[in-house]
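Student: I have a protein model open and I would like to learn how to read its helices and salt bridges. Could you walk me through it?

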Amino acid sequence: MDTYSSTMGRSDALAADIATDPGSHTVLTGERPTGSLHLGHLFGTIRERVRLQNLGVRTMVVLADYQVITDRDAIGHVRQHVYDAALDNLAAGIDPEKSVIFTHSSVPALNQLLLPFLSLVTEAELHRNPTVKAELAASGRALSGLLLTYPVHQAADILFCKATVVPVGKDQLPHIEMARVIARRFRDRYGAVFEKPQALLTSAPAVPGLDGRKMSKSFGNAISLSMTPDETVAVVRRTPTDSDRDISYDPAARPGVSALLTIAGLCTGREPGAIAADIGGGGAGSLKDCVAESVNSLLAEHRRRRADMAADPDYVRSVLRHGNERANEIAEQTLSEVRAAMGTAY
Ligand code: TRP
């Protein structure tokens, strides 16, 4: 297993190579469509994928609908969540003429890669994955076969399009390592079909949620990109702070106040401490007004574009249909190379 620091070093070298030769790279990125996307997604990954797309890197965005059922029984309102995630990606600047945005469940040849890939890993390796362990613990459920094996499925997402670059946060590194191992073992057994992908570590700071923990839909502490300005004001106002009217940035002692300052800082490009100094003795009320205003002005354009696109439901459906067609062509091509390599082309 690679160490974190060697991954970091490779990630820096990769960033430099992308900048000099964007056309030689393919980026695969995406998310689980479990709810509306929030500020954490925007700062964590979406801005980076738009930047890569605009540099000229071939960009694939998977809306990983099969991953929704890794740690829960029911798939829920997945179709709505897929449309919402697609709208947020498009509003943030993903251009369906340049990038391929697609859903797992629409690409049979991608999913078929799971079979040979499963033969390339051991049960012990699957059980060792720290991200799977953490997700299992958080789910409070029995370990499903899909939760145990989803990193292999995620390797299929990455390898089917021969991605060279996967922009991720730290929690996804074990999965990228698994995809690299599978690419190498496949080559050793059957021949070179797959590129070895590399993690591009996003330098974006972790976005705190309104309670100071990581921003996450499941913690109920998120500011969704699609909220109205009034809804944004309302969630920000509900944030528990403290009774000290003097606003200061101190994440350990004042998690609520500091999370709000960090969010305002990210949205305005300012230091949280400087924002605190401006507010001074204005109390939590002025802090919250300032945060809501920063978020609302940052997202105004995004929300306007999103609303325009959402007004025509056929639009997002046609984007996904087109993306799924492209993803199917790519996956069919790769699967035929896999069949040839394995000697199963009849
Ligand atoms: N597991 C990722 C998440 O929870 C989503 C995802 C699915 C993904 N397939 C991927 C990320 C492939 C990167 C590459 O956010």
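Tutor: Happy to help: this is a predicted model, and we will look at one helix and then at some salt bridges.

Student: How many residues does helix α2 have, and what does it reach from end to end?

Tutor: Helix α2 covers residues 39-55, which is 17 residues, and it reaches 23 Å from its first C-alpha to its last, close to the 24 Å expected. Have a look along its axis too: α2 bends by about 40° at threonine 45. Just after α2, glycine 56 takes a positive phi of about 105°.

Student: Is α2 mostly covered or exposed?

Tutor: Mostly covered, as 12 of its 17 residues are buried. Among them are Leu42, Phe43, Ile46 and Val50. Here is a general idea to keep in mind: an α-helix has 3.6 residues a turn, so residues three or four places apart point the same way.

Student: Now the salt bridges. Which parts of the chain does the pair of aspartate 84 and arginine 306 link?

Tutor: The side chains of these two residues meet at 3.2 Å, N to O. The pair links distant parts of the chain, with aspartate 84 in helix α3 and arginine 306 in helix α13, 222 residues apart. Both aspartate 84 and arginine 306 are buried.

Student: In the salt bridge between aspartate 242 and arginine 254, how far apart are the closest N and O atoms?

Tutor: They are 2.8 Å apart. Both residues lie in the loop between α10 and α11, so the pair ties together parts 12 residues apart in sequence. Aspartate 242 is partly exposed, at 30% relative accessible area, while arginine 254 counts as buried, at 7%.

Methods. Residues are numbered from 1 along each chain as its sequence is written. This is a predicted model: local features need pLDDT of at least 70, side-chain atom pairs count only at pLDDT 80 or more; totals for chains, interfaces and linings use all residues. Side-chain values use heavy atoms; hydrogens and water are left out. Helices (H or I, at least four residues) and strands (E, at least two) are DSSP runs, numbered from the N terminus. The expected span of a helix is 1.5 Å times one less than its number of residues. The bend at a residue is the angle between axes fitted to the seven residues ending there and the seven starting there. Buried means under 20% relative accessible area, exposed over 50%, partly exposed in between (1.4 Å probe, protein chains only). A salt bridge is a side-chain nitrogen of Lys or Arg within 4 Å of a carboxyl oxygen of Asp or Glu.
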